[in-house]
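Colleague: I would like to learn how to read the surroundings of a ligand and the pairing of rings. Could you take me through one example?

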Amino acid sequence: MTAIDLSGKIALVTGVGDNEGFAWAIAKGLRAAGARIVLACQPNRMNIVDGNLTRDMDRDSRLLPDGSEFRPEKVVPCDSAFDTMADVPEEVRTNRRYAAYSEYSIQGTVDAVGKEFGGIDVLVHAVAFSREITKPLIETSRKGYHEAMGVSAYSLVSMVRAAAPHMAGRPGGGSVVGLTYVAGERVVPHYGGGMGTCKAALQMDAKQLAWFVGDRNIRVNLISAGPFASRAARAINPDFDKLIAHAAEHSPLRRPITAEEVADATVYLCSPLAGAVTGQVLYVDCGYNIMGT
Ligand code: NAP
């Protein structure tokens, strides 16, 4: 049996907003494989995530396969709309949910984690946002489109730029994993607000980034996940369960995916088993992407 052991690795998992999304499952999967985890979430979600990590009622969501409870090394605030604190507008700085923190930019957060833990081995990008997600692309405003691109796609470029110095020279190399969706390459009409374009950009950016950091033995890959009823996904469409059922019915495996399967694929991509895999999209969608229906 080939076991995956990520002991001694430091993993920064961004896009954690609760205990329901992919980031939570991925963080637990990496921890179960031995990695030490730092969670990054939007400043306005810090209290929610803190509750998920401490409340009795959320205990089941913290359980790892060996029966122990998931505990990250720490939780840090990070807003993927801002590369440095100089980018933060006054109304955000003074917002009561942000005012408690002096640093939540991508550069500042990644640097602080890299310095505190002596480097970063794994970076997970699980961030996506479109204010106009419920509007079809053709109705999406220029402002909404640009905002979605900045938070959901450009943020990967910014994160990799910030993390590369901390990931260079790590034993076994560094691994960046992001999350994409089939709507980045095929028309999914309900996936609105420019998000399909964001995923298309993310996919091309991941390939380019793989080249730009490959000389430092840092790999960059994406997982294209099948539809899953996270909080973000439920916001796309109140009938999201029907979309999941449709995908399941039309997938070769005739079932929906689980978040744990996305976590397992992430663990693989961060392991020595994927040592020569970079610039790729790995489909974790029960095969849905190969179908013509
Ligand atoms: P999710 O839990 O809602 O994750 C999205 C995360 O992005 C949330 O925690 C959200 O925080 C965060 N975010 C939004 N704007 C941000 C910002 N400015 N700075 C920092 N974080 C920000 O939903 P998910 O479905 O697990 O999504 C994770 C990734 O998987 C996304 O890239 C998504 O596109 C991708 N994906 C999802 C599906 C699916 O069907 N669910 C399928 C394929 C790919 P807030 O809660 O504060 O907004």
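The dialogue below turns to the ligand and then to the aromatic rings.

Modeller: This is a predicted model, in which local features need pLDDT of at least 70 and side-chain atom pairs count only at pLDDT 80 or more, while totals for chains, interfaces and linings use all residues. Residues are numbered from 1 along each chain as its sequence is written, and side-chain values use heavy atoms, with hydrogens and water left out.

Colleague: How many residues surround the ligand?

Modeller: A residue counts as near a molecule if one of its heavy atoms lies within 4 Å of it. Here 31 residues surround the ligand, and the closest are Phe22, Asp79, Ser80, Ser230 and Arg231.

Colleague: Which polar contact does the side chain of Asp79 make with the ligand?

Modeller: A polar contact with a ligand is a pair of N or O atoms within 3.5 Å. An N or O atom in the side chain of Asp79 is 2.8 Å from a nitrogen atom of the ligand. The protein buries 92% of the 870 Å² that the ligand exposes when taken alone, areas that come from the Shrake-Rupley method with a 1.4 Å probe.

Colleague: How many aromatic pairs are there?

Modeller: Rings of Phe, Tyr and Trp (its six-membered ring) pair if their centres lie within 6.5 Å, and planes under 30 degrees apart are stacked, over 60 edge-to-face and the rest tilted. The count comes to five aromatic pairs. Tyr98 and Tyr104 form an edge-to-face pair, 5.1 Å centre to centre with 75° between the planes. Ring pairs also link Phe82, Tyr98 and Tyr104 into a cluster.

Conventions:
A polar contact is a pair of N or O atoms within 3.5 Å; within protein, one must be able to donate a hydrogen and the other to accept it, and residues adjacent in sequence count only if both atoms are side-chain atoms.
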